[in-house]
Amino acid sequence: MTTLIINIEQLVGTREQNELLRGKALAVLPIIENAFVLIEDGIITDYGAMYELELKVPQLPKHIIKADGQFLLPAWCDSHTHLVFAGSREHEFVDKIKGLSYADIAAKGGGILHSAQKLNDASEDELFNAAWKRLDEVAKLGTGAIEIKSGYGLTVEGELKMLRVIKRLKEKSSLLIRSTFLGAHTYPLLFKEDHAGYIRSIITEMLPVIGNEKLADYVDVFCENGFFSVDEMECICRASMRYGLKPKLHINQLNSIGGLQRAIQLNAVSVDHLETMTDKDISDLSSSNTIGTLLPTAAFFLRMQYQPARQLIDNNCAIALASDYNPGSSPSGNMNYVTALSCIQMKMLPAEAINAATINGAYAMELEKETGSITVGKKANLIFTKPVPSLSYLPYSFGNNLIDKVMIGGGFV
Ligand code: NIG
Ligand code: FE
């Protein structure tokens, strides 16, 4: 089917070529005013200014959508989520209001372990149905591509169950989905005193099945004091890389312990969180090919310091923005709020936030050939805004629903 969208107030994020944006380039967001987009079978085949329409599309298709007064953006690319989970953790939310820290709650057997208990009690279908609902919700909020992690199973059956749910989501959803194996999220109670034993289970029992059934694209490790050490992370990554899983890692959330440097040595696609960065961490990241993925809603929810976005950008690091959607530290997958918060609390310019949440997010999932910008040959994954006075109005008017509709692969969700 051919669809033509005309009279677009501003067509945002038009790019002839793909480029991972760093430094000053992150603030450059190409826009065409009074524009059109042509879509064939879900793929963008042309775009331009309305005055070029007659020349570029001499024969108008039957299906025409008028977008008068509307801005069109590439759909969000959310490159870090834990969207598959069972239950919720608002009881811990209240405990935190009363004064307990994230670490206190983890030490009490709450946190990730609580979610793991719930997950292991849930059936694959229950998990799938709950995740499907969340996926539908985030799609309506403008997300067109998403990475989803395991990590609440922490047993062979639990981890494989999560990854099989993600595989089913991939098969059934029109969203672009990447799957990440996060068996090393924390140590399960059974292996509390036997870390080597759990790592052995990851390597000898989980990874061979994951490799065989092609259940994951990436491997993740929560590299942090009290969780997995830098050496343990390297060991798990190297074993995973033998099955073709590339590292995409939880780094520097609470402490800077050298995980960032090791991740770069391992050629990690991305290092994610980065609330706690030394000057050396920033300079090492800037001279690497690894993307720094900032998760400001996790810092917001846990009342931590935000990621040093300005310093990272000004030092030429390539950064992406993601939601970290999970029941413990970011119970929301709303990328509109992620971009608004990035502008409000991390002083990112609206153009920088939009680029970091679209094209750079696509790079952080190696999906840049398929999505992240308005480019010929990419999927028609588009956000249609309600009439707004300017692009900056989107993050400025935070918390308001400014999305009129969302197109994924040429069809509306
Ligand atoms: O990215 N920090 C590690 N993992 C998650 C939180 C997981 C949880 O609390 O359930 C995160 O913030
Ligand atoms: Fe996370």
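1. A polar contact here is a pair of N or O atoms within 3.5 Å; within protein, one atom must be able to donate a hydrogen and the other to accept it. On that basis, twelve residue pairs are in polar contact between domain 1 and domain 2, with both residues of each pair at pLDDT 80 or more. The model is predicted, and the values below are computed from it.

2. Start with the layout. The domain assignment splits the chain in two. Domain 1 takes residues 2-75 together with 372-412. Domain 2 takes residues 76-363. Their centres, taken over C-alpha atoms, lie 30 Å apart. The contact draws 28 residues from domain 1 and 39 residues from domain 2.

3. Next, the area. Interface size is often given as the accessible area lost when the parts come together. Domain 1 and domain 2 bury about 2,500 Å² between them. Of that area, 68% is on carbon and sulfur atoms. On the domain 1 side, look at L20, R22 and L26. Together they supply 26% of the area that domain 1 buries against domain 2. No other three residues supply more.

4. What of charge pairing? The count of salt bridges between domain 1 and domain 2 is zero. Polar contacts, by contrast, join twelve residue pairs across this boundary. Two elements give two or more residues to the side of domain 1 that touches domain 2: β5 (71-74) and β15 (403-408). The largest share comes from β15, with three residues. By residue type, this side of domain 1 divides into 17 nonpolar, six polar and five charged.

5. Now helix α14, residues 350-357. Is this helix mostly covered or mostly open? Mostly covered: seven of its eight residues are buried. They are A351, E352, A353, I354, N355, A356 and A357. Note that E352 and N355 are on that buried list. The cover over these buried residues includes strands β5, β6 (76-78) and β13 (319-321). It also includes helices α12 (309-314), α13 (335-346) and α15 (359-363).

6. Finally, T358. This residue sits in the loop between α14 and α15. Why does T358 count as buried? Its relative accessibility is 2%, and buried means under 20%. Which residues does T358 touch, leaving aside its neighbours within four places in sequence? They are P74, A75, W76, C77 and G372. The domain assignment puts residues 2-75 and 372-412 in domain 1, and residues 76-363 in domain 2. T358 therefore has contacts on both sides of the domain boundary, with P74, A75 and G372 on one side and W76 and C77 on the other.

Definitions and conventions:
Residues numbered from 1 in each chain as written. Chains lettered and ligands numbered in written order. Predicted model: local features only at pLDDT ≥ 70, side-chain atom pairs only at ≥ 80, totals over all residues. Heavy atoms only, no water. Contact = heavy atoms within 4.5 Å. Buried area = accessible area lost by both parts, 1.4 Å probe. Salt bridge = Lys/Arg side-chain N within 4 Å of Asp/Glu carboxyl O. Polar contact = N/O pair within 3.5 Å; in protein donor to acceptor, adjacent residues only side chain to side chain. Helix = DSSP H or I, 4+ residues; strand = E, 2+ residues; numbered from the N terminus. Nonpolar A, V, L, I, M, F, W, Y, C, P; charged D, E, K, R; others polar. Buried < 20%, exposed > 50% of the residue type's maximum accessible area, 1.4 Å probe, protein only.
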